[in-house]
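Reader: I like to see the reasoning behind a label. Could you walk me through how the calls on this one were made?

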Amino acid sequence: MRRKNRYFFLGVLALGTLVGVGAYTQQQKPLDPFEEAMRQRQMYLETFGVLPGELFVEEGKELFFRKGPSGKTLEECDFGKGKGVLEGVYAILPKYFPDSKRVEDLETRVYTCMQTVQGYKPSEIKREEVRAITTYIASFSSKAKIQVVPKHPAELAMYNLGRELWYTRAGARDMSCAVCHDQYAGQRVRLSPVRSPKQGLGNEWPAYRFEEDKLYTMQDRIDFCYESIAIPKPEYYSDVHIALTVYMLAEATKAGHSFEELPFFTR
């Protein structure tokens, strides 16, 4: 589905959400956030026969098979299991890639291959295109067991950096990731349920957030946390994003968690 059509359709879907929320607010008893998300998800399916996240998957598929300036598609990129293999790759990332000499998560790997394989200049790569391609590839790991086990020295260094970032207090509010996600694990901050990495934090992204009418990747979600605690968010594809992702998903792996249906649907 072309992007203009997707935006039009999302606008219609957003209107549907407002109608649904309006009906929701007329109820006497507030719904649980999870129940509310499932209710909205079912409403989308019954009304439109498709979930918004599926539109991003379709757009990502088109972009994945689009030829770049080199004449190549992203089928020529190794995302961790060999060229063109997509099944289950999201479940093993981030990992070290010898060609880039760097630990990369999926978003960063897409960004790298659009340059090294397809021949795009960094200035030509649109964030929304990386987001859609990431969502398309991640959909091949829907409900897969998370398998992030740092072994390479660079992966271990990223895990250690991620753990340090997780516990480091910063900003005017003197906050860290752990202050919310460890201290209040299993509880709620305002309406939002809070989980720790050992409880599977990170297993639902990429996800469509119906309240925001946007699709969030893991890097988008990390940035949202940084903004929420008044710390300047890092640049996309930075070591900060990758290190925190390694730490969270490695801890989720130890606890035996799997990904949710990807792309997920949430509030």
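Author: What follows goes label by label, with the value and the cut-off behind each. One thing up front: this is a predicted model.

Reader: Fine. How do you know that C77 and C113 form a disulfide?

Author: The sulfur atoms of C77 and C113 are 2.0 Å apart. The cut-off is within 2.5 Å, so the pair counts as a disulfide. A search of the whole structure finds 1 disulfide. The link of C77 and C113 is right-handed, with 55° about the S-S bond.

Reader: What makes that link tie together separate parts of the chain?

Author: C77 sits in the loop between α3 (52–64) and β1 (95–97), while C113 belongs to helix α4 (residues 106–116), so the bond ties parts that are 36 residues apart in sequence.

Reader: Why are C77 and C113 called buried?

Author: Relative accessibility is 1% for C77 and 2% for C113. Buried means under 20%, so C77 qualifies, and so does C113.

Reader: And why is C177 not bonded to C225?

Author: C225 holds the closest cysteine sulfur to that of C177, but the distance is 6.6 Å, too far for a bond. C180 is in no disulfide either: its nearest cysteine sulfur, also that of C225, is 7.3 Å away.

Reader: Back to α4. Why is it described as mostly covered?

Author: Of the 11 residues in α4, 8 are buried. Those are L106, E107, T108, R109, V110, T112, C113 and M114. The buried residues of α4 pack against β1, β2 (102–104), α5 (127–138), α8 (218–228) and α9.

Reader: On to helix packing. What makes α6 roughly perpendicular to α9?

Author: Helix α6 (residues 153–167) and helix α9 (residues 239–254) pack at about 95°, and their axes are 7 Å apart. Angles of 65 to 115 degrees count as roughly perpendicular, so that is the label for α6 and α9.

Reader: Which residues of α6 and α9 meet there?

Author: On the α6 side, they include M158, Y159, L161, L165 and W166; on the α9 side, among them are V240, I242, L244, V246 and Y247. The residues of this contact of α6 with α9 divide into 14 nonpolar, 1 polar and 5 charged.

Reader: I noticed aromatics in that list. How many aromatic pairs are there?

Author: The count comes to 16 aromatic pairs. One of them is made by Y159 and Y247, with 5.5 Å centre to centre and 45° between the planes.

Reader: Why is the pair of Y159 and Y247 called tilted?

Author: Planes under 30 degrees apart count as stacked and over 60 as edge-to-face, with the rest tilted, so 45° makes Y159 and Y247 a tilted pair. Y159 is in helix α6 and Y247 in helix α9, 88 residues apart, and the pair links distant parts of the chain. Y159 and Y247 are both buried.

Reader: Then why is the pair of F210 and F265 called stacked?

Author: The ring centres of F210 and F265 are 5.5 Å apart and the planes are at 15°. Stacked needs planes under 30 degrees apart, so the label fits F210 and F265. This pair, too, links distant parts of the chain: F210 is in the loop between β5 (207–209) and β6 (214–216), F265 in strand β7 (residues 264–266), 55 residues apart. F210 counts as buried at 3% relative accessibility, and F265 is buried with a relative accessible area of 3%. F210 and F265 also belong to one aromatic cluster with Y44, F48 and Y208.

Reader: Now the backbone. Where are the cis peptide bonds that involve P94 and P206?

Author: One joins L93 and P94, with omega about 10°, and P94 is found in the loop between α3 and β1. Another runs from W205 to P206, with omega near 10°; P206 lies in the loop between β4 (192–193) and β5.

Reader: Last one: is K143 buried or exposed, and what about Y237, buried or exposed?

Author: K143 has a relative accessible area of 59%; exposed means over 50%, so K143 is exposed. Y237 has 11%, which is under the 20% cut-off, so Y237 is buried. Neither is a glycine, yet phi is positive, at about 65° for K143 and about 70° for Y237. K143 lies in the loop between α5 and α6, Y237 in the loop between α8 and α9.

Conventions. Residues are numbered from 1 along each chain as its sequence is written. This is a predicted model: local features need pLDDT of at least 70, side-chain atom pairs count only at pLDDT 80 or more; totals for chains, interfaces and linings use all residues. Side-chain values use heavy atoms; hydrogens and water are left out. Helices (H or I, at least four residues) and strands (E, at least two) are DSSP runs, numbered from the N terminus. Buried means under 20% relative accessible area, exposed over 50%, partly exposed in between (1.4 Å probe, protein chains only). Axes are lines fitted to C-alpha atoms, for helices over the stretch in contact, and angles run from 0 to 180 degrees between N-to-C directions. Angles under 35 degrees count as roughly parallel, over 145 as roughly antiparallel, 65 to 115 as roughly perpendicular and the rest as oblique. Contact means heavy atoms within 4.5 Å. Ala, Val, Leu, Ile, Met, Phe, Trp, Tyr, Cys and Pro count as nonpolar, Asp, Glu, Lys and Arg as charged, and the others, Gly among them, as polar. Rings of Phe, Tyr and Trp (its six-membered ring) pair if their centres lie within 6.5 Å; planes under 30 degrees apart count as stacked, over 60 as edge-to-face and the rest as tilted.
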